[in-house]
Amino acid sequence: MSGWPSSSPHPYQPVYGAPDPGPAPYYAQTAYAPPPAPQSEYGGDSKSPYAGERFKPKKRINDPIFLILFIAQLVGFAIIAAITLSKFKNAGGLGGGVGSDGTGKGITLNYHTVILLLFVTGAGLLLSALYLILTRLFTKIIMHITLVLSVLLNIGIAVYYWITKYWSGAIVFTIIALVSVLAYWGYRSRIPLASLLLQVVMDVTRHHPSVYFVAFIALILQAGLSVLYTFTVIATYVKYTPGSPTCDFGETCSKGKVIGFIIYETFSFLWTSQVIGNVALATLAGGPFGSWYYFGPREQGMMPSHPTLSSFVRASTLSLGSIAFGSLIVTLLELVKMLLNVARNNANADGHPVEACLALCAECFIGCIESAVEYFNRYAYIEIALYGKPYISAAKDTWRLFKDRGIDALVNDSLVGMALTWGAYAIGLLCSLFAYLYLHFTHPSYNADGQYTAPVLVFAFLIGLQCSLTLSSAIEAGVSTIFVGLGEDPQVLAIRAPALFALIASTYPEVAQGVPRV
């Protein structure tokens with residue numbers, strides 16, 4: 001394996017347009033033999049792309065219980081939204097408008113907050129689209145930019161919170177800033193492999209406009225859901241907060257009702273957001289990216305017609321229950337983390353540093369579990385998209401694939417997902433910071449004592465984060481699909497992208513199992 005350098009000086013060469021794609025000369029000089037010349041109708045791969053029900057799963061609805069639960073919670077959210085929004089409209093929204101001249105009544109959140117979060121949604125939409133464009137135009141440099149900006153942003157927010165004496169936020173973001181600095185120095189050496197992966201994915205997306213169509217449709221749906229969630233949360237505050245005008249119309253108002261409905265609405269928002277993003281991921285994995293890996297470029301004429309549409313139909317019908325199952329696990333962990341965040345803020349406000357520290361530790365622990373589950377789920381969804389498996393079977397096969405094929409180190413070495421996640425995190429922070437500055441300079445009457453600052457910042461962060469994650473899932477789908485295909489049939493990648501396979505094999509020789517040695 002010493003014949004390969006640690007990083008390839010040869011840039012990725014697109015395989016589109018080549019009459020008979022094969023290994024590049026650089027790959028041929030390595031310790032592995034070149035793949036054999038094409039012997040079948042599938043562009044050089046001796047195995048059929050349809051092996052193991054791939055792309056043609058059985059016509060059955062998987063995980064129907066979770067499909068029913070998902071539909072039920074969505075209907076419940078729609079009913080709550082209809083009831084609360086009608087009362088909110090009748091109550092005039094407690095006033096409020098744009099800027100500091102229209103802050104409305106001081107009882108609870110009002111139209112001032114609605115307009116604020118609408119601005120946040122627009123900002124999240126714009127920043128997410130801009131981030132996609134930057135990712136499309138750049139490869140290697142985008143890794144450095146996202147990591148450096150994330151570090152600087154975390155440091156800046158931590159300094160700002162220290163200056164404004166927002167102690168709990170200052171402590172949290174100081175820790176995050178330190179972790180991000182360490183992460184940058186640790187991952188910088190892994191950028192060459194990640195940038196080459198992005199080059200391959202971007203080359204595929206140039207020939208499949210449906211990738212961006214699916215991403216933007218998912219983003220629009222996410223933005224629409226964010227708007228509905230924003231109005232519903234504000235309307236819930238107006239309808240059930242004690243002292244609200246709606247309480248004079250025979251309504252039973254209490255803080256308990258407000259908390260209960262807000263928790264359910266947030267749960268529904270997070271779960272539905274997860275499903276939207278994961279349906280988009282499964283659509284792309286089972287459509288353009290999976291078809292490119294197993295059938296070859298569209299120009300070779302072996303790719304099925306309308307692969308994206310076929311994959312979307314499978315993901316949104318037969319496999320929707322499985323996607324909802326996996327999304328529910330992440331949603332529950334995210335909800336627990338948010339509740340711990342609220343507990344930490346309350347303990348900090350009440351002057352209980354020990355309780356605040358314990359809540360912070362628990363929040364970090366749950367966050368680590370959530371990240372691991374979310375990362376693992378992405379590959380399970382690809383198994384679902386390609387083979388139509390139930391969630392449990394897909395998860396087992398994913399774990400077995402990681403262990404048996406020895407690609408667990410490679411998957412965890414991927415910098416692409418981390419860079420996109422950092423970008424989404426930065427967008428969420430920017431949206432949260434925008435909301436904080438808007439509250440600070442407009443001085444709404446309902447937030448005279450700062451009691452609504454924390455929930456407004458949480459809402460703004462969630463909106464920006466979810467918008468960006470939904471959009472970046474298009475790129476992650478391509479990278480992750482290559483990893484899954486590499487674990488199952490590594491010789492196919494040697495045909496599709498020889499330079500990428502050579503660089504991967506030089507760093508992780510165990511992934512080249514199945515390729516003949518000389």
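The legends below describe close-up views of a predicted model.

**Figure 1. Overall make-up of the protein chain in the predicted model.** The protein chain contains 17 helices and zero strands. Of its 518 residues, 55% count as buried. Among contacts between residues at least 6 apart in sequence, 78% join residues at least 24 apart.

**Figure 2. The ring pair of Tyr229 and Phe269.** A search of the whole structure gives 15 aromatic pairs. In the pair of Tyr229 and Phe269, the ring centres are 4.3 Å apart and the planes lie at 10°, so the pair is stacked. Planes under 30 degrees apart are what the term stacked requires. Tyr229 belongs to helix α7 (residues 210-240) and Phe269 to helix α8 (residues 255-295), so the pair ties together parts that are 40 residues apart in sequence. Tyr229 has a relative accessible area of 1% and is buried. Phe269 is also buried, at 0% relative accessibility.

**Figure 3. The ring pair of Phe325 and Tyr391.** This aromatic pair is tilted, with 4.8 Å from centre to centre and 55° between the planes. Phe325 sits in helix α10 (residues 320-349) and Tyr391 in helix α12 (residues 391-404); the pair links distant parts of the chain, 66 residues apart. Phe325 is buried, with a relative accessible area of 14%. For Tyr391, likewise buried, the relative accessible area is 6%.

**Figure 4. An aromatic cluster, and a lysine over a tyrosine ring.** Phe70, Tyr264, Phe267 and Trp271 are linked into a cluster by ring pairs. In a separate panel, Lys389 lies over the face of Tyr387, at 4.6 Å from the ring centre.

**Figure 5. Contact of helix α11 with helix α15.** The axes of α11 (residues 353-387) and α15 (residues 453-488) come within 10 Å and cross at roughly 75°. At that angle α11 is roughly perpendicular to α15. On the α11 side, the contact is made by Arg378, Tyr379, Ile382, Glu383, Leu386 and Tyr387. These residues meet Glu476, Ala477, Ser480, Thr481, Phe483, Val484 and Glu488 of α15. By class, the contact has seven nonpolar, two polar and four charged residues. Tyr387, one of the α11 residues in this contact, is also the residue whose ring face lies under Lys389.

**Figure 6. Surroundings of Ser226 in helix α7.** Ser226 counts as buried, at 0% relative accessibility. Leaving aside neighbours within four places in sequence, Ser226 is in contact with Thr121, Phe269, Ile463 and Cys467. Phe269 in this list is the ring partner of Tyr229.

**Figure 7. Surroundings of Phe261 in helix α8.** Phe261 is partly exposed, with a relative accessible area of 26%. Apart from neighbours within four places in sequence, Phe261 is in contact with Ile80, Thr236 and Tyr240. Phe261 and Tyr240 are 21 residues apart along the chain, and their C-alpha atoms are separated by 9.4 Å.

**Figure 8. Surroundings of Ala280 in helix α8.** Ala280 is buried, with a relative accessible area of 4%. Setting aside neighbours within four places in sequence, the residues in contact with Ala280 are Val214, Ala218 and Ser473. Thr470 is 190 residues from Ala280 in sequence, and the C-alpha atoms of these two residues are 7.9 Å apart in space.

**Figure 9. Asp63 and His306, two loop residues with positive phi.** Most residues other than glycine have a negative phi. Asp63 has a positive phi near 50°. Asp63 lies in the loop between α1 (25-28) and α2 (64-90), and is buried, with a relative accessible area of 16%. His306, which is not a glycine either, has a positive phi of about 55°. The loop that holds His306 runs between α8 and α9 (307-316). His306 is exposed, with a relative accessible area of 59%.

Definitions and conventions. Residues are numbered from 1 along each chain as its sequence is written. This is a predicted model: local features need pLDDT of at least 70, side-chain atom pairs count only at pLDDT 80 or more; totals for chains, interfaces and linings use all residues. Side-chain values use heavy atoms; hydrogens and water are left out. Rings of Phe, Tyr and Trp (its six-membered ring) pair if their centres lie within 6.5 Å; planes under 30 degrees apart count as stacked, over 60 as edge-to-face and the rest as tilted. Helices (H or I, at least four residues) and strands (E, at least two) are DSSP runs, numbered from the N terminus. Buried means under 20% relative accessible area, exposed over 50%, partly exposed in between (1.4 Å probe, protein chains only). A charge sits over a ring if NZ of Lys or CZ of Arg is within 6 Å of the ring centre and within 35 degrees of the ring normal. Axes are lines fitted to C-alpha atoms, for helices over the stretch in contact, and angles run from 0 to 180 degrees between N-to-C directions. Angles under 35 degrees count as roughly parallel, over 145 as roughly antiparallel, 65 to 115 as roughly perpendicular and the rest as oblique. Contact means heavy atoms within 4.5 Å. Ala, Val, Leu, Ile, Met, Phe, Trp, Tyr, Cys and Pro count as nonpolar, Asp, Glu, Lys and Arg as charged, and the others, Gly among them, as polar.
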